[in-house]
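I opened this structure for a first look today. My notes follow in the order I made them.

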Amino acid sequence: MTVRFSVLDLAPVVTGSTSGQALRNTLDLARHAERLGYHRYWLAEHHAMPGIASSATAVLIGQVAAATSTMRVGSGGIMLPNHAPMVVAEQFGTLEALYPDRIDLGLGRAPGTDQATALALRRSPDALSVDDFPEQVIELRNYFGASSAVTPAAGNEPPIWLLGSSGYSARLAGLLGLPFAFAHHFSAENTVPALALYRDSFRPGALDEPYSMIGVSVTAAESDERARELAAPQALGFLRLRQGRPGPLPTPEETAAHPYTPLERQMIDARLGDQVLGGPETVREQMDALIERSGVDEVMVVTQVFDHADRLRSYDIVADLYKENFAGAA
């Protein structure tokens with residue numbers, strides 16, 4: 001298999017810790033991922049979520065790029081309806097000027113938060129619609145043009161990706177000839193149909209051929225049993241988010257003591273069932289099957305576990321399993 005492997009990070013804040021520690025862990029993981037040979041490192045934009053510290057995404061991208069030297073760094077993604085396209089162009093033109101040929105600009109059309117927070121970000125209820133997303137993408141790209149007066153965006157356009165969890169952005173990415181990243185980690189049932197739609201819709205543009213990537217939730221450990229233990233806190237955190245009670249990543253003890261209802265057990269089993277989860281043999285088997293089924297060019301691994309050392313170890317295991325795909329790894 002010739003797929004690349006990359007990292008998606010939400011700078012998770014765990015119970016009993018701080019946002020500052022979460023951000024320092026991000027920098028540590030980025031350096032670690034670069035040493036292992038991961039291809040790119042993306043940060044996700046979410047707002048008003050106590051368990052996610054990557055809300056100032058462009059700022060954090062600059063810090064990660066400064067802490068590394070070869071790995072591509074970017075957004076997975078910037079939620080474009082939250083921002084004036086010109087501001088995004090200025091931010092990412094600055095990043096591209098400082099770190100040439102290392103920056104990616106992944107764009108999404110969801111708010112990445114609740115509607116009240118989205119309103120606070122956008123400052124106008126008229127801006128809450130995502131229907132004008134294609135026009136926003138085109139406006140943004142124009143600011144990077146050589147004739148643009150927007151400095152330092154002009155002449156400093158990073159590769160632009162569209163992100164999605166349904167067919168909308170898949171079709172748009174294809175029509176615009178852009179690379180496409182699909183959120184398999186929270187919309188697994190739509191992965192194969194969306195990627196097929198992207199390939200069928202593709203017209204040459206920024207790319208001559210389609211290029212696709214999927215975000216995959218991965219927990220790799222020494223055994224299947226240990227991996228399931230490590231994955232349990234993020235499953236409970238996801239359950240609480242769905243119940244409208246977002247918080248920091250629960251502790252393993254809190255997770256084990258939670259009084260799960262039968263419906264909650266069913267939801268957690270479904271959540272874990274969409275993940276690549278287990279010891280090395282199981283992870284290789286599940287990942288190979290997913291890559292073959294989806295036909296993707298790249299896999300972006302997101303690992304949310306309570307202990308930072310266990311998180312690093314999970315990325316170690318993936319890199320070791322696919323060492324032939326990690327060209328240039330130290």
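**Strands E2 and E3.** I began with the pairing of strand E2, residues 40-43, and E3 in this predicted model. Four bridges join the two strands, and they run parallel. I then looked up tryptophan 42 and found its bridge partner in E3 to be glycine 74.

Is strand E3 enclosed or open to the outside? I checked the accessibility of residues 72-79, which make up the strand. Eight of the eight are buried, so E3 is largely enclosed by the rest of the structure.

**Two cis peptide bonds.** I stayed in E3 a little longer, since glycine 77 is placed there. Its peptide bond with glycine 76 is cis, and omega is about 0°. Most peptide bonds are trans, so I wrote this one down.

I noted another cis bond elsewhere, running from threonine 151 to proline 152. Omega is near 5° there. Proline 152 belongs to a loop, the one between helix H5 (133-143) and strand E5 (160-164).

**Strand E9 and its partners.** Next I turned to strand E9, residues 298-302. The strand is mostly covered, with five of its five residues buried. Which way do the residues of E9 point? Glu298, Met300 and Val302 point one way, while Val299 and Val301 point the other way. All of them are buried.

I looked up the pairing of E9 on both counts. With E1 there are four bridges, and the strands run parallel. Phenylalanine 5 stands opposite valine 299 of E9. With strand E7 (residues 212-220) there are five bridges, again in the parallel sense. Here serine 217 stands opposite valine 302 of E9.

**The nonpolar core.** Both Phe5 and Val299 came up again when I checked the largest nonpolar core. That core has 70 residues. Which members touch the most others? They are Phe5, Tyr38, Tyr41, Phe92, Leu105, Leu107 and Val299. In soluble globular proteins, nonpolar side chains tend to be buried together.

I picked leucine 105 for a closer look. I set aside its neighbours within four places in sequence and listed what else it contacts. The list holds Ser75, Ile78, Val88, Phe92 and Leu140. It also holds Phe144, Pro158, Pro159, Ile160 and Trp161.

**Positive phi, twice.** Most residues other than glycine have a negative phi, so I went looking for exceptions. Alanine 11 has a positive phi of about 50°. It is found in the loop between E1 and H1. Its relative accessible area is 0%, so I entered alanine 11 as buried.

Aspartate 101 also has a positive phi, near 65°. Its loop lies between helix H3 (85-98) and strand E4 (103-108). Is aspartate 101 buried or exposed? The relative accessible area is 61%, so aspartate 101 is exposed.

**Serine 17.** I went back to the loop between strand E1 (4-9) and helix H1 (19-36), where serine 17 has its place. The relative accessibility of serine 17 is 32%, so the residue counts as partly exposed. I then compared sequence and space for serine 17 and proline 248. They are 231 residues apart in sequence, yet 8.7 Å apart in space, C-alpha to C-alpha.

**Threonine 2.** I tried the same kind of check on threonine 2 and alanine 30. They are 28 residues apart in sequence and 22 Å apart in space, again C-alpha to C-alpha. Threonine 2 sits in the segment before E1. It counts as exposed because its relative accessibility is 79%.

**The second largest pocket.** I finished with the second largest pocket, which holds about 230 Å³ of space. Its lining has 13 residues, and the closest to the centre are Arg228, Ala232, Thr255, Tyr260 and Arg265.

Where does the lining come from? Helix H8 (224-242), helix H9 (252-257) and helix H10 (262-273) each supply at least two residues. H8 gives the largest share, five residues. I sorted the lining by character too: eight residues are nonpolar, one is polar and four are charged.

Terms used: Residues numbered from 1 in each chain as written. Predicted model: local features only at pLDDT ≥ 70, side-chain atom pairs only at ≥ 80, totals over all residues. Heavy atoms only, no water. Core = buried A, V, L, I, M, F, W, Y, C linked by side-chain atoms within 4.5 Å. Buried < 20%, exposed > 50% of the residue type's maximum accessible area, 1.4 Å probe, protein only. Contact = heavy atoms within 4.5 Å. 1 Å grid on protein atoms, 1.4 Å probe; cavity = no way out; pocket = protein on both sides within 12 Å on 5 of 7 lines; lining within 4 Å. Points joined across faces, edges and corners; volume = space filled by probe spheres on them. Nonpolar A, V, L, I, M, F, W, Y, C, P; charged D, E, K, R; others polar. Pairing = 2+ DSSP bridges.
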